[in-house]
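Reader: I'd like a close look at one part of this model, the space shut inside it. Could you walk me through what surrounds that space and where the trail leads from there?

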Amino acid sequence: MLELFRASLTPIHTSATKLEKIGNWAGLIGLYLFSFFALLSIAGANLGLGLMIIGLMLSRQALRALFSQSITWFCLLIILYILLRAFWSIGEIAADQETQINQARDWIQLFLFFIPAWWLSQSTHRIRISVTLMFSGFALGMLTALDSETLLQALQGVRSGLHFGKPIILGFDCAAAILGLTALGMYRLDAQHDPSRRNLALNLGLIMIGTLFFTQGLIISQSRGVWLAILFALPMLFLTLRYAAPPRQRTPIRFRYPLLGLLLVMAMILAINWNTISQRITSESTEWSAIVNEGLDKAPLGSSSYRLHLWQFGLRKWLERPFFGWGPGTTHALVEAEDDINLQDPPGSSFDHLHNAYLEVVFQLGMFGIALVALISGLMIYKLMESYRRKRLSIYFLAFLMSNFTLIAIYSLTDFRHLHWNWRFYWLMIAGVTVAFGMILQSPARRSDHEHAD
């Protein structure tokens, strides 16, 4: 690990001036600070992001390279659009201006992933270290939030978000960590690496413990939307490993042991948390039965019926302004103005989002906004697949990233926590890693770096 860290200190691009050398060190320190605190502390993550921005400002080479990327220009275009749309809605809608400004800022931050992407692209070793730091900081946050009382309550079925406070985001990040550990386990079992039995057993044992830990966190969150999302994301990971490689280049990947390991983890978690899982699933089934049999308007209000009422309201209001939406930060004000008991939980407290990310984007940014989001997302996936074809990343990293995108896509159907600091920073890292692989230059001095990327 020490060799890996030392190798990550040397960037692919050499510094032309002393100022650029200072910028490179500022960016690298910022990258590692941001990575560790991304899912641990908003202050630490913001400090890291700030250092990365300062490093970019000091490097003309970095700016030239970033502005040569089409995805950077699309990100700047949507940032400009968000600024214009926010300015328009602030003068038009009598809402909480502070909320509108803050949400516009949070929307903008989602599209700054090209900043960590540059620093990550300087060495593929940095990618491995940064992803490890992100989930290590997340695990530390969970552990420091667990005292004996909290642990006892969690095992008794009490819902918790631990250091996040928000259970849904805790569950989502635990699901992402499970995907990472699963991909890492597959990598360790790869026949090409031929590790000693002792090292293999130690690595797999640690991976199993980590998977159990994060799976328990996933259960503690009691987020049914995330449970559903990971049921799609895990198969995507294995399908990518199975079918992504061209037939002539396909190497045997052993699936038997990882699948047996996952089944063992699932059996243990089911045994420990059967009451919690069964109660959540039963309550969801009861809600949907009432909605189907009695109709939405007569069914008792619960998590599913609230969502359906919000989706109805969101679609109706969006159709009033389909092209440019209502503007960032306007959802709560418009829901509150509706003064509908079906949009309040508890009564008298209106929802501040629509519990659907796709609907929220068109509601706030309109068709023009979601078209730009779709364009950027499509370009990211295209660049990722192109990077894999050029052997800039291994099939294991490809599987990890593709399963993460699947997790995001399914999770976004039932919730909208994308503007919360911990989700924003997670996205900046995942999107940054994806774009970084496309920015890596195949220089002879660093060819070995790319060939061993994983």
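Which helix gives the largest share of the lining of the largest cavity, and how many residues is that?

Author: Helix 18, with 3 residues. Before we dig in: this is a predicted model, where local features need pLDDT of at least 70 and side-chain atom pairs 80 or more, while totals for chains, interfaces and linings use all residues. Numbering runs from 1 along each chain as its sequence is written, and side-chain values use heavy atoms, with hydrogens and water left out.

Now the cavity (on a 1 Å grid over the protein atoms alone, a set of points where a 1.4 Å probe fits but cannot get out; lining residues have an atom within 4 Å of a point). There are 2 cavities of 30 Å³ or more, and the largest holds about 60 Å³, volume being the space filled by probe spheres set on the points. Around it sit Q69, I71, M380, K383, V435, G438 and M439. Helix 18 (421-439) isn't alone here: helix 16 (357-389) also supplies at least two of the lining residues; helices are DSSP runs of H or I, at least four residues. By type, the lining splits into 4 nonpolar, 2 polar and 1 charged, with Gly counted as polar and Lys as charged.

Follow helix 18 away from the cavity and you get to R424, whose side chain meets that of D106 in a salt bridge (3.3 Å, N to O). By salt bridge I mean a side-chain nitrogen of Lys or Arg within 4 Å of a carboxyl oxygen of Asp or Glu. D106 belongs to helix 6 (residues 97-110) and R424 to helix 18, so this pair ties together parts 318 residues apart in sequence. R424 is buried at 6% relative accessible area, where buried is under 20%, exposed over 50% and partly exposed in between, with a 1.4 Å probe and protein chains only. D106 is buried too, at 8%.

D106 has another partner: its side chain also bridges to R105 at 3.0 Å, N to O, and R105 is partly exposed at 48%.

Just before helix 18, there's another link to look at: R307 pairs with D415, the closest N and O atoms being 3.5 Å apart. R307 is in helix 14 (residues 303-318) and D415 in the loop between helix 17 (395-411) and helix 18, so the pair ties together parts 108 residues apart in sequence. R307 counts as buried at 18%, as does D415 at 2%. Back with the earlier pairs, shared partners join R105, D106 and R424 into one network. Overall, the structure holds 7 salt bridges.

Note on methods
On a 1 Å grid over the protein atoms alone, a cavity is a set of points where a 1.4 Å probe fits but cannot get out, and a pocket is an open set with protein on both sides within 12 Å along at least five of seven lines; lining residues have an atom within 4 Å of a point.
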